[in-house]
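Here are my notes on the model you sent. They cover the packing first, then the cysteines, then a hairpin and a helix residue beside it.

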Amino acid sequence: MKSTSEEKKELFNHDAKDTSDKVKTKAVALLSGGLDSHLAVRMMKEQGIEVEAVAIKTPFCDFDCGKGCGHKVLEVASELDIKLKTVYLGKEYLTMLKNPKHGYGSGMNPCIDCRMMMYDEAKKHMDEIGADFIITGEVLHQRPMSQNSNALSIIEKGTETEGKVLRPLSARLLPLTNPENNGLINRSMLGAIRGRSRKGQLDLADKYGIADPPNSAGGCLLTDPQFSKRVKDLYKFSVLEPSINDVELLKIGRHFRLNSFSKLIVGRNHAENEMIKSLCNDTDYIVQPVTIPGPTSILRLNVRPDLRKHKSLLQLTIQITLRYSDTEAESEYEVSVINKGKKLVRTVSSMPCTENIVEGYRI
């Protein structure tokens, strides 16, 4: 027969085992590196939720680019002390961009379809780690196309995440989610922020002691009007689906559409000149001034390169390149013409073209 002290000891050990075996509530955050998703994670951790994060890179919004599009995401994850998984959406993103089911925003930004791809990745990770729900830094009506009530509902239905996505910053303005209904989350501790004002977020940043809070993680190149023109041109004239290489070229230089099967990109500085050379394909022509300072240019064709057929295109490429070189009017200058695929290296003399001719081809 057990003594009273032995029974108490056994009961204590049983209770301790129950506590240690209890599974902690876990969430997957879509982390951008901006303030909103940072705050969403803080609010969950404040409620004792274990958080892991997924960060999404696309050809048009890369968090390593250093241009306001969440390049601090690695630093933020470290500061929050959470595990981070990075996912790159490359070719599949370019395929979607050609004909997004839910259309474009003001530029070439397919915001709803883009968010759906991100939700899909968060959902995959949620299933992989056995998490209970997804959190995002989305704020109701902050972005006109993807953060209104109807769009949020479309995104959830399209990704089969209905009730599984909690948006802590605006949660009290939105329908109850599964984690709230199941008692995993205290709704009264969630936010009721709406619109484009940053006051609510800055107040929360002050509450959590976030020094020098980052901006919202916008910066998607597809919302930029000038860049959108380049993307539209690329898709309009590409014989095959555009490549990642094609997209990287869109981000640099001056762009000129010469005809339906050829485009010229002229570097604007030394860094771009070097990048142009690094992105050169075997079918491209590289043009550079020989005796004077000037840019590196790349003539990209959608057809097999043939110097005999494309002599006039090369001549125009040379003239435009010289237009941006250290030249004088009515003088001839030597340039090199290189095609790696044909192992072609030639030196050609020409004069620069006039500004009005250049503007007629500019994208």
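1. Main core. The model is predicted, and its largest nonpolar core has 33 residues. Six of them touch the most other members: Leu 30, Ile 56, Phe 60, Tyr 93, Leu 222 and Val 231. Two strands each give two or more residues to this core, S1 (26-30) and S2 (50-57). So do five helices: H4 (91-98), H5 (111-129), H6 (149-159), H9 (225-237) and H10 (244-250). H5 gives the most, with eight residues. As background, nonpolar side chains in soluble globular proteins tend to be buried together.

2. Tyr 93. What does this residue touch beyond its neighbours within four places in sequence? Its contacts include Thr 58, Pro 59 and Phe 60. Pro 110, Cys 114, Met 117 and Leu 222 are also in contact with Tyr 93. Of these partners, Phe 60 and Leu 222 are themselves among the core residues that touch the most other members.

3. Second core. Another core, of 30 residues, lies apart from the one above. Its members include Ile 82, Val 139, Leu 166 and Ile 185.

4. Cysteines. How many disulfides does the structure hold? Zero. Cys 114 is in no disulfide; its nearest cysteine sulfur belongs to Cys 220, 6.4 Å away. The cut-off for a disulfide is 2.5 Å between sulfur atoms, so that pair does not qualify. Are the two cysteines buried or exposed? Cys 114 counts as buried because its relative accessibility is 12%. Cys 220, at 21%, counts as partly exposed. The line between the two classes is 20%.

5. The S6/S7 hairpin. S6 and S7 form a hairpin with two residues between them. S6 and S7 (residues 262-266) pair in the antiparallel sense, over five bridges. Within that pairing, Phe 256 has Leu 264 in S7 as its bridge partner. Why call S6 largely enclosed by the rest of the structure? Because five of the six residues of S6 (residues 254-259) are buried.

6. Ile 320. This residue lies in helix H12 (residues 311-323). Its relative accessibility is 0%, so Ile 320 counts as buried. Leaving aside neighbours within four places in sequence, Ile 320 is in contact with Phe 256 and Leu 264, the bridge partners from point 5. Leu 258 and Val 266 are also among its contacts, as are Cys 353, Val 358 and Tyr 361. Ile 320 and Ile 265 are 55 residues apart in sequence, yet their C-alpha atoms are 9.9 Å apart in space.

Conventions:
Residues numbered from 1 in each chain as written. Predicted model: local features only at pLDDT ≥ 70, side-chain atom pairs only at ≥ 80, totals over all residues. Heavy atoms only, no water. Buried < 20%, exposed > 50% of the residue type's maximum accessible area, 1.4 Å probe, protein only. Core = buried A, V, L, I, M, F, W, Y, C linked by side-chain atoms within 4.5 Å. Contact = heavy atoms within 4.5 Å. Pairing = 2+ DSSP bridges.
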